[in-house]
Amino acid sequence: GVHCGACRKMSVYELHYFNNRGRAEPARLLFAAAGLPYRDIRIQSEQWPEYKLKLPMHQVPVLEVDGTMICQSVAIARYVAKVTGHAGKTDLEQAKVDMLVDGIDDVMTKKGDYVWHEKDETRKMEKKNAFYETTLPQFLSRFEKLLLTNGGDGFLVGEGLAHADAWFLCLADDVLLDFPDIFTPYPKLAALVERIRTYPGIKEWLAKRPQTEF
Amino acid sequence: EKMPAYKVYYFNARGRAEPTRLLLAAAGVPFEDVRFEVEKWPEYKPKMPMGQAPVLEVDGTMICQSAAMARFVARETGRAGKTNLELAKADMIVDGVADLMNAMANYHYYEPDEARKAEKKKTFFETTLPQFLGHFEKLLVANNGGDGFFAGDGLTHAETFFLCLYESISKENPNVLNAFPKLTALVERIRTYPGIKEWLAKRPQTEF
């Protein structure tokens with residue numbers, strides 16, 4: 001690139017997570033969309049007991065920015081979005097993006113609840129069925145409407161890709177594994193998923209990223 | 001510039017609306033504090049963006065999700081940190097606090113089995129909560145010694161969420177912050193903050 005005399009040194013970004021998409025992938029997608037380099041650190045499980053002690057809340061993901069550690073996946077993704085101009089243009093747009101992210105996060109948490117935290121096999125199946133028969137369709141139906149309030153053929157909020165879209169792709173990737181037809185009743189959302197998948201930078205990342213189960 | 005018209009919609013409780021109310025109070029911004037009875041909720045629900053409360057209405061636009069609402073008010077009123085990094089530091093505290101509030105809601109509202117409920121509550125108060133309060137104390141201290149706020153040099157949405165958490169946990173255990181002197185002092189700092197102090201004295205007194 002071209003450097004002017006007054007430009008600042010670029011920050012050094014390191015993203016710490018396990019070798020999964022999980023809660024780090026929204027940030028990875030945003031780095032990719034901006035072509036912003038970062039160190040994509042993937043921790044082995046044997047390292048974890050000691051590794052976590054260095055982290056602000058003993059959890060991952062953590063984004064290290066010139067040595068300062070930020071934890072909490074939603075806060076991290078928002079930070080990367082802000083730095084790369086993918087956060088929404090006005091305070092109100094940013095709030096709309098934020099609320100959609102929180103809505104997606106709620107649904108992911110509900111899914112995580114039966115996948116990771118429900119030990120009883122019968123209750124796990126019951127919760128999984130409730131998720132796919134009720135929770136997810138209600139959510140997708142609402143989101144289809146919210147997308148339509150923004151025209152329907154672009155992104156979730158405003159005119160450009162924002163962190164809400166990155167989160168949405170992650171949710172889609174996850175649920176489509178279980179039910180490839182889940183988006184059939186929601187054509188605008190299905191088109192949005194494709195729009196995000198083919199976004200410059202994201203498209204290349206999807207082709208080259210480590211292939212992991214979740 | 002004309003000040004926007006703010007309305008906060010919620011049940012008659014502190015709950016998930018209070019962090020936003022506290023920020024509006026801190027900024028001296030008038031707002032319509034709409035509190036509906038549980039029986040009225042089915043009327044309001046279809047009008048809300050995600051069928052949930054709380055909702056913040058700003059000149060007719062509805063924003064839902066408690067953290068998004070609070071962050072919006074924080075930004076509008078100059079209490080969201082000065083840089084992207086400061087905002088991220090405030091946001092991560094809010095998310096950590098929200099995780100704890102969700103864990104509490106989990107055993108309190110969503111665990112039907114009494115024995116499992118008691119077990120989860122015990123684990124929360126004996127293990128999870130002290131661990132996270134420890135993290136918060138460390139993070140507070142890392143911000144210029146811990147005698148100010150979580151991010152930057154002013155009150156942010158991190159403080160209003162933290163006060164709300166404190167109000168819930170201290171009801172169960174008034175000594176919950178005994179091992180965390182900086183957090184203890186922070187609670188007082190928030191409580192006596194101009195605007196917040198007056199609001200705490202006059203707000204409706206509710207159980208949650």
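## A loop residue in chain B

Asn143(B) is found in the loop that links helix 5 (114–142) to helix 6 (157–172) of chain B. Everything described here comes from a predicted model, so please read each value as computed from that model.

Is Asn143(B) buried or exposed? Its relative accessible area is 14%, and because the cut-off for buried is under 20%, Asn143(B) counts as buried. Leaving aside residues up to four places away in sequence, Asn143(B) touches Phe149(B), Phe150(B), Ala151(B) and Gly152(B).

## The nonpolar core

Let's turn to the interior. The largest nonpolar core holds 150 residues. Which of them touch the most other members? From chain A they are Phe143(A), Phe168(A) and Phe183(A), and from chain B they are Leu133(B), Phe136(B), Phe162(B) and Leu183(B). Helix 4 (residues 84–109) of chain B gives this core its largest share, 11 residues. As background, nonpolar side chains in soluble globular proteins tend to be buried together.

Phe136(B) makes a good place to look around. Not counting residues up to four places away in sequence, Phe136(B) is in contact with Met57(A) of chain A. On the chain B side, with that same limit on sequence distance, Phe136(B) touches Ile93(B), Gly96(B), Val97(B), Leu100(B), Phe150(B), Phe162(B), Leu165(B) and Leu183(B). Two of these names, Phe162(B) and Leu183(B), also appear among the core residues that touch the most other members.

## Strands in chain A

Strand 1 of chain A covers residues 13–18. Since 5 of its 6 residues are buried, this strand is largely enclosed by the rest of the structure.

Strand 1 of chain A has partners to follow by eye. With strand 3 (residues 62–65) of chain A it runs antiparallel, and 4 bridges join the two. Within that pairing, Tyr13(A) has Val65(A) of strand 3 as its bridge partner. With strand 2 (residues 39–43) of chain A, strand 1 runs parallel, and here there are 5 bridges. Phe18(A) stands opposite Ile43(A) of strand 2 in chain A. To get from strand 1 to strand 2, the chain passes through helix 1 (residues 25–34) of chain A, making a right-handed β-α-β crossover.

## Aromatic rings and charges

How many aromatic pairs does a search of the whole structure find? Over all chains there are 26. One of them joins Phe131(A) and Tyr132(A): the ring centres are 5.0 Å apart and the planes meet at 90°, so this pair is edge-to-face. Phe131(A) and Tyr132(A) are both buried. In chain B, Phe124(B) and Phe125(B) also form an edge-to-face pair, with 5.1 Å from centre to centre and 85° between the planes. Both of these residues, Phe124(B) and Phe125(B), are buried.

Chain B also has an aromatic cluster, made up of Tyr9(B), Tyr10(B), Phe11(B), Phe36(B), Trp41(B) and Tyr44(B). One of its members, Tyr44(B), has the charged end of Lys47(B) over its ring, 5.6 Å from the ring centre. In chain A, Lys54(A) lies over the face of Tyr51(A), at 4.3 Å from the centre of that ring.

Glu43(B) sits in helix 2 (residues 41–44) of chain B. With a relative accessible area of 48%, Glu43(B) is partly exposed. Met62(B) is 19 residues away along the chain, and the C-alpha atoms of Glu43(B) and Met62(B) are separated by 16 Å.

## Backbone details to look for

Each chain has a cis peptide bond to find. In chain A, one joins Val60(A) and Pro61(A), with omega about 10°, and Pro61(A) is in the loop between helix 2 (48–51) and strand 3. In chain B, a cis peptide bond joins Ala53(B) and Pro54(B), again with omega about 10°. Pro54(B) lies in the loop between helix 2 and strand 3 (55–58) of chain B.

What is phi of His58(A)? It is near 55°, a positive value in a residue other than glycine. His58(A) is in the loop between helix 2 and strand 3 of chain A, and at 25% relative accessibility it counts as partly exposed. Asp59(B) is another non-glycine residue with a positive phi, near 45°. Its place is the loop between strand 3 and strand 4 (61–64) of chain B.

Conventions. Residues are numbered from 1 along each chain as its sequence is written. Chains are lettered from A and ligands numbered from 1 in the order in which they are written. This is a predicted model: local features need pLDDT of at least 70, side-chain atom pairs count only at pLDDT 80 or more; totals for chains, interfaces and linings use all residues. Side-chain values use heavy atoms; hydrogens and water are left out. A nonpolar core is a set of buried Ala, Val, Leu, Ile, Met, Phe, Trp, Tyr and Cys residues joined through side-chain atoms within 4.5 Å. Buried means under 20% relative accessible area, exposed over 50%, partly exposed in between (1.4 Å probe, protein chains only). Contact means heavy atoms within 4.5 Å. Two strands pair if DSSP finds at least two bridges between them. A crossover is right-handed if, with the strands pointing away from the viewer, the path from the first strand over the helix to the second runs clockwise. Rings of Phe, Tyr and Trp (its six-membered ring) pair if their centres lie within 6.5 Å; planes under 30 degrees apart count as stacked, over 60 as edge-to-face and the rest as tilted. A charge sits over a ring if NZ of Lys or CZ of Arg is within 6 Å of the ring centre and within 35 degrees of the ring normal.
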